[in-house]
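Trainee: I would like to learn how to read enclosed space and nonpolar packing in a protein model. Could you take me through both?

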Amino acid sequence: MKLTPNNLSSLAWDKSDGLIPCIVQDARSAQVLMQGYMNQAALAHTLETKQVTFFSRSKQRLWTKGETSGNTLDLIDISADCDADSILVLAHANGPTCHTGSTSCWSHSDVSDFSFLAELENVLASRKGADVDSSYTASLYQKGIKRIAQKVGEEGVETALAATVADLDELKNESADLMYHLIVLLQASGLSLSDTINVLKQRHRK
């Protein structure tokens, strides 16, 4: 159930003394970032401000994530499960979510493949404007879209050739090169993998 200011009372607040567990997930990578608890006031404040807010059981008050550290969580979507007794938040994280400085409170767990792609995209985006001698990626950005697009074409051909001769190891390596250069091209064009994925979602719904 998608949550709005008009249906908050429909949640199962009585099951756990007015507090409902809330899992926060990164809207881009799908990585689970943290768990907190919301009461009805915290949920209402989250919906109103678009900043993820919890009820702190230790402080006994509303607590907006990042109010001290600055590592806030921008609300993208919020919903309840089928029993209306747990909440799932999709958010964009402004900095590390965990108080230890890690991206996630489950920092020792393996990230999913898509989560890794999101991390890689962030790293590649951070190379924009960097010293061209510091990394190959920075030098690609400096050469411009025409050169990056040329590299995508070259890697695409090499990927196809590896497939035609059934060289699976080479196919894996060339497809990795192709994906890397494609992400750089998207970033240089002001786009991201999410833009591409949204097109695929729209096609899938048809």
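Mentor: We will look at cavities, and after that at nonpolar cores, in what is a predicted model.

Trainee: How many cavities of 30 Å³ or more does a search of the whole structure find?

Mentor: Rolling a probe the size of a water molecule over the atoms shows where empty space is left. Here the search finds one cavity at or above that cut-off of 30 Å³, and the volume of this largest cavity is about 50 Å³.

Trainee: Which residues line the largest cavity, and which element gives the largest share of the lining?

Mentor: The lining is made up of Arg28, Phe114, Leu117, Ala118, Glu121, Leu193 and Ser194. Two elements, α2 (113-126) and α6 (193-205), each contribute two or more residues to it, with α2 providing the largest share, four residues. Sorted by class, the lining comprises four nonpolar, one polar and two charged residues.

Trainee: And which residues of the largest nonpolar core touch the most other members?

Mentor: In soluble globular proteins, nonpolar side chains tend to be buried together. The largest nonpolar core has 23 residues, of which Leu11, Val24, Met38, Leu43, Ile78, Ile87 and Val89 touch the most other members. Two or more residues come from each of β1 (20-26), β2 (32-38), α1 (40-49), β5 (73-80) and β6 (87-93), and β5 gives the most, four residues.

Trainee: With what is Val24 in contact, leaving aside its neighbours within four places in sequence?

Mentor: On that basis, the contacts of Val24 include Val32, Phe54, Leu73 and Val89. A second, separate core has twelve residues, among them Tyr141, Ile183, Leu185 and Leu186.

Technical notes. Residues numbered from 1 in each chain as written. Predicted model: local features only at pLDDT ≥ 70, side-chain atom pairs only at ≥ 80, totals over all residues. Heavy atoms only, no water. 1 Å grid on protein atoms, 1.4 Å probe; cavity = no way out; pocket = protein on both sides within 12 Å on 5 of 7 lines; lining within 4 Å. Points joined across faces, edges and corners; volume = space filled by probe spheres on them. Nonpolar A, V, L, I, M, F, W, Y, C, P; charged D, E, K, R; others polar. Core = buried A, V, L, I, M, F, W, Y, C linked by side-chain atoms within 4.5 Å. Buried < 20%, exposed > 50% of the residue type's maximum accessible area, 1.4 Å probe, protein only. Contact = heavy atoms within 4.5 Å.
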